[in-house]
Amino acid sequence: MLDNLKQQFSEIFGQPNRNVFFAPGRVNLIGEHIDYNGGLVMPCAITMGTYLLTAPNKAGVFRFRSSNFEETLEIPLQGSYEKTGTEWYNYPLGVIHNFLKQGKGVTGLDLFYYGNLPIGSSLSSSASIEVVTAFALNELFNSGFSKLDLVKLSKKVENEFIGVNSGIMDQFAVAFGEKNKALKLNCNTLDYQAVECNLGDHFLAIINTNKPRKLTESKYNERVGECQTALKALQKELNIEYLCDIQTDTFEKHQSLIEDPTVLKRAKHVVEENDRVLKAAEALDQNRLADFGKLMFASHDSLQHLYEVSGQELDTIVDFCKQYPAVTGARMTGAGFGGCAIALVKKASFDDFSTKIIDYYTSKIGYAPSVYSSEIGTGVVEL
Ligand code: GLA
């Protein structure tokens, strides 16, 4: 595959590439819509991701090409950039903009991207492209950023350049992921532990709804706003900085401060989900996979009914999983509103599971989902 990409690079740019970088996508095992509330999440990097081939050019331009998209951009070196339209190249352009803003010098570069992550399917294709670009620029121009700086810079691209008020989980997982480990990340302090993800006789299945995602960004920002409203209400009596600074008992005592019933549901999800992550990490550590699976189902229920970011497609997948004996746990992963679900499926039954869930989903939804068995891979690297 790499040879093929290298050949394409030469054909496109009329020169061979010099460097190759890779950043993965991620799945989040549990802890959804928690990162921007300062709590605990448990993502892991997967082996699918984004490849970036580069070579410097003397023309003093950035040339962006992708084998996944037809749109291209060729733009001269400038002191700053602005988002133009919604095309894919805004992500790397935003990264360059932020390097410049932080006083880092860059020179003309040819960039060729190839991703094998399904796009817009909640596996963090955008964080993957941001982090691979940031990592590459840092290496190529000796910018001296730490990996954590690159994570923060990439999050800024998402928040300020692209306009999604997302948390830090995706960029963090894509940068710091470790083989066969999940990251137990505290999104407030950014302390993390890489915990062994021993799934025993299970595969981690990814089931893509293949639902075209619409409105994800505005609905996402709406949820972020609702959490801020809940926080402000609780701050009238509690000295807290984030919703995840309190546990369920404190929440229950003070929840009457939140007047709007919808906002109350959102906050309840956040506080309880944060608690589930703690329990899930313990269960994983003690090889209690059945308990881990129950927490996954509980997480999904809460995202469906309290946080309301699931949808018919994701619920259909999880409903099937609940009654299929060889599934130990399942839930939506990522922002929601479509995208992917994950499931712990007994290895011996994986083929049967795939066939049956495809039939079930297709009969209910009218088109087929995609099913992958995923491996937990490493974070961003130069190849
Ligand atoms: C998206 C965002 C993350 C996180 C998840 C939900 O993936 O980019 O920051 O909020 O949704 O957990």
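This note sets out points on the pockets, salt bridges and aromatic pairs of a predicted model.

1. **The largest pocket: extent and centre.** The largest pocket encloses about 1000 Å³ of space. Its lining is made up of 46 residues, and those nearest the centre of the pocket are Y91, G120, S125, S126 and R213. Several secondary-structure elements give two or more residues to this lining: the strands β3 (43–56) and β6 (109–115), and the helices α2 (90–101), α3 (125–140), α4 (147–162), α5 (169–176) and α6 (216–235).

2. **The largest pocket: composition and domains.** By residue class, the lining of the largest pocket holds 19 polar, 16 nonpolar and 11 charged residues. Both domains take part in this lining, with at least three residues drawn from domain 1 (2–197) and at least three from domain 2 (202–374).

3. **The second largest pocket: extent and centre.** For the second largest pocket the volume is about 380 Å³. Here 21 residues form the lining, and D35, Y36, N37, K155 and Y242 lie nearest the centre. At least two lining residues come from α4, and at least two from α6. The helix that gives the most to this lining is α6, which supplies four residues.

4. **The second largest pocket: composition and position.** Nine nonpolar, eight polar and four charged residues make up the lining of the second largest pocket. Where does this pocket lie with respect to domain 1 (2–197) and domain 2 (202–374)? The second largest pocket lies between the two domains, because both of them give residues to its lining.

5. **Salt bridges: the pair E226 and R266.** Side chains of opposite charge can pair when their charged atoms come close. Over the whole structure, 22 salt bridges are found. One of them joins E226 to R266, with 2.7 Å between the closest N and O atoms. This pair links distant parts of the chain, since E226 belongs to helix α6 and R266 to helix α8 (residues 261–285), with their positions 40 residues apart in the chain. Are these two partners buried or exposed? E226 has a relative accessible area of 12% and is therefore buried, the limit being under 20%. R266, at 4%, is also buried.

6. **The network around E226 and R266.** The two residues also belong to a wider arrangement: salt bridges link K219, E222, R223, E226, K265, R266 and E308 in a network.

7. **Salt bridges: the pair E273 and R276.** A salt bridge within helix α8 joins E273 and R276, and its closest N and O atoms are 2.9 Å apart. The two residues are three positions apart in the helix, so about one helical turn separates them. E273 is buried, with a relative accessible area of 0%, and R276 counts as buried at 10%.

8. **Salt bridges: the pair K322 and D301.** In the salt bridge between K322 and D301, the closest N and O atoms are 3.2 Å apart. The pair links distant parts of the chain, with K322 in helix α10 (residues 312–323) and D301 in helix α9 (residues 289–305), 21 residues apart. K322 has a relative accessibility of 41% and is partly exposed. D301 is partly exposed as well, with a relative accessible area of 30%.

9. **Aromatic pairs: F320 and F353.** The search of the whole structure gives 21 aromatic pairs. In the pair F320 and F353, the ring centres are 6.0 Å apart and the planes stand at 55 degrees, so the pair is tilted. F320 lies in helix α10 and F353 in helix α11 (residues 350–365), so this pair ties together parts that are 33 residues apart in sequence. F320 and F353 are both buried.

10. **Aromatic pairs: F350 and F353.** F353 has a further ring partner in F350: the centres of these rings are 6.3 Å apart and their planes are at 40 degrees, so this pair too is tilted. Both residues lie in helix α11, three residues apart, which is about one turn of the helix. F350 is buried, as is F353.

11. **The aromatic cluster.** Which residues do the ring pairs link into a cluster? The members are F203, F320, Y324, F350, F353 and Y360.

Terms used: Residues are numbered from 1 along each chain as its sequence is written. This is a predicted model: local features need pLDDT of at least 70, side-chain atom pairs count only at pLDDT 80 or more; totals for chains, interfaces and linings use all residues. Side-chain values use heavy atoms; hydrogens and water are left out. On a 1 Å grid over the protein atoms alone, a cavity is a set of points where a 1.4 Å probe fits but cannot get out, and a pocket is an open set with protein on both sides within 12 Å along at least five of seven lines; lining residues have an atom within 4 Å of a point. Grid points are joined across faces, edges and corners, and a volume is the space filled by probe spheres set on the points. Ala, Val, Leu, Ile, Met, Phe, Trp, Tyr, Cys and Pro count as nonpolar, Asp, Glu, Lys and Arg as charged, and the others, Gly among them, as polar. Domain bounds come from an automatic or database domain assignment. A salt bridge is a side-chain nitrogen of Lys or Arg within 4 Å of a carboxyl oxygen of Asp or Glu. Buried means under 20% relative accessible area, exposed over 50%, partly exposed in between (1.4 Å probe, protein chains only). Rings of Phe, Tyr and Trp (its six-membered ring) pair if their centres lie within 6.5 Å; planes under 30 degrees apart count as stacked, over 60 as edge-to-face and the rest as tilted.
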